[in-house]
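Work through these exercises with the sequence and the model at hand. Try each task before reading its solution.

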Amino acid sequence: MAIAPQSETNFLKIKTLGIALDKIQDPGNLGTIIRTATATNIDGLFVSRDSVDLYHPKVVRSSAGEWFNLHKAISENLKTEVLQLQSQGLQVLATVPNSTINYWQIDLRKPTLIVMGNEGSGISRDLIDLADYSVKIPLSNGVESLNVAISTAIILYEVQRQRQS
């Protein structure tokens, strides 16, 4: 057994690509998002204070070790973080099911913060209102939604596709 101090989790610098997670509840989803975020080389991610514990064992386990390789922070006020990053030139994308804009229609080569929301209720209205763009992932008729980890992966890989072309 070892005891070690936790690294600081309330400061993060995003320059080109980041994620803000609003009230994520499932530790498996958060771990999977961390794993995918590391695979797609983002600068880091913020989780709202009312999300699942960043240190939850299932979060760490489901990240498949990538938890230790990603810059992440717990945000006391996600709205403030989003506004600050927006003022530094990052475009803010909010994912909402009723948008008329598909996620691939936005120029994701620009510095971008992607806001993803709670598995059941989505993104808080005040965060949606801050976004430069509200985008959707189109779904077949009868399909209500996708898992937040899958949705995050789809958008992150579109960022990679656009930035490689």
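Contact here means heavy atoms within 4.5 Å. The model is predicted.

**Exercise 1. Place Asn102: name its loop, decide whether it is buried or exposed, and list its contacts beyond four places in sequence.**

Step 1. Find the loop. Asn102 sits between strand 4 (91–95) and strand 5 (112–116).

Step 2. Judge the accessibility. The cut-off for buried is under 20%. Asn102 has 15% relative accessibility, so it counts as buried.

Step 3. List the partners. Leaving out residues up to four places away in sequence, Asn102 touches Val135, Lys136 and Pro138.

**Exercise 2. Do the same for Ile137: which loop holds it, and which residues does it contact?**

Step 1. Ile137 belongs to the loop between strand 6 and helix 5.

Step 2. Set aside neighbours within four places in sequence. Ile137 then contacts Tyr103, Leu146, Ser151, Ile154 and Ile155.

Step 3. Add a distance. Ile137 and Leu113 are 24 residues apart along the chain, and their C-alpha atoms are separated by 17 Å.

**Exercise 3. Describe the sheet: give the strand order, the edges and the helices that lie across it.**

Step 1. Write the order. The sheet is open, has six strands and runs 3-2-1-5-4-6 with parallel pairing.

Step 2. Mark the edges. Strand 3 and strand 6 (133–135) each pair on one side only.

Step 3. Give the twist. Neighbouring strands are turned by 25 degrees against each other on average, direction ignored.

Step 4. Inspect one pair. Strand 1 (residues 17–21) and strand 5 run parallel and are joined by five bridges. Leu21 stands opposite Met116 in strand 5. In general, strands of a sheet pair through backbone hydrogen bonds.

Step 5. Add the helices. Helix 3 lies across strand 1, strand 2, strand 3, strand 4 and strand 5, at about 150 degrees to strand 2. Helix 5 lies across strand 1, strand 4 and strand 5, at about 165 degrees to strand 5.

**Exercise 4. Analyse how helix 1 packs with helix 5: angle, residues and classes.**

Step 1. Read the geometry. Helix 1 (residues 27–39) and helix 5 (residues 148–164) pack at about 10 degrees, with axes 9 Å apart.

Step 2. Classify the angle. Angles under 35 degrees count as roughly parallel. Helix 1 and helix 5 are therefore roughly parallel to each other.

Step 3. List the residues. Helix 1 contributes Asn29, Thr32, Ile33, Thr36, Ala37 and Ala39. Helix 5 contributes Val148, Ala149, Thr152, Ala153, Leu156 and Tyr157.

Step 4. Sort by class. This contact of helix 1 with helix 5 has eight nonpolar, four polar and no charged residues.

**Exercise 5. How many salt bridges are there, and what does the one between Arg49 and Glu76 tie together?**

Step 1. Set the rule. A side-chain nitrogen of Lys or Arg must lie within 4 Å of a carboxyl oxygen of Asp or Glu. The count comes to four salt bridges.

Step 2. Take Arg49 and Glu76. Their closest N and O atoms are 2.5 Å apart. Arg49 lies in the loop between strand 2 (44–48) and helix 2 (57–62), and Glu76 in the loop between strand 3 (72–75) and helix 3 (78–87), so the pair ties together parts that are 27 residues apart in sequence. Arg49 is partly exposed at 47% relative accessibility. Glu76 is exposed at 59%.

Step 3. Take Asp107 and Arg109. Their closest N and O atoms are 2.9 Å apart. Asp107 is partly exposed at 27%, and Arg109 is exposed at 54%.

Step 4. Take Asp129 and Arg125. The closest N and O atoms of this salt bridge are 3.1 Å apart. Both residues lie in helix 4 (residues 125–130), four residues apart, about one turn of the helix. Asp129 is exposed at 54%. Arg125 is exposed at 56%.

**Exercise 6. Check the backbone of Lys23 and Asn41: what is phi in each, and where do they lie?**

Step 1. Recall the background. Most residues other than glycine have a negative phi.

Step 2. Take Lys23. Its phi is positive, about 60 degrees, although Lys23 is not a glycine. Lys23 lies in the loop between strand 1 and helix 1. It is partly exposed, with a relative accessible area of 30%.

Step 3. Take Asn41. Its phi is also positive, near 65 degrees. Asn41 lies in the loop between helix 1 and strand 2. At 63% relative accessibility, Asn41 counts as exposed.

Technical notes:
Residues are numbered from 1 along each chain as its sequence is written. This is a predicted model: local features need pLDDT of at least 70, side-chain atom pairs count only at pLDDT 80 or more; totals for chains, interfaces and linings use all residues. Side-chain values use heavy atoms; hydrogens and water are left out. Helices (H or I, at least four residues) and strands (E, at least two) are DSSP runs, numbered from the N terminus. Buried means under 20% relative accessible area, exposed over 50%, partly exposed in between (1.4 Å probe, protein chains only). Axes are lines fitted to C-alpha atoms, for helices over the stretch in contact, and angles run from 0 to 180 degrees between N-to-C directions. Angles under 35 degrees count as roughly parallel, over 145 as roughly antiparallel, 65 to 115 as roughly perpendicular and the rest as oblique. Ala, Val, Leu, Ile, Met, Phe, Trp, Tyr, Cys and Pro count as nonpolar, Asp, Glu, Lys and Arg as charged, and the others, Gly among them, as polar. Two strands pair if DSSP finds at least two bridges between them.
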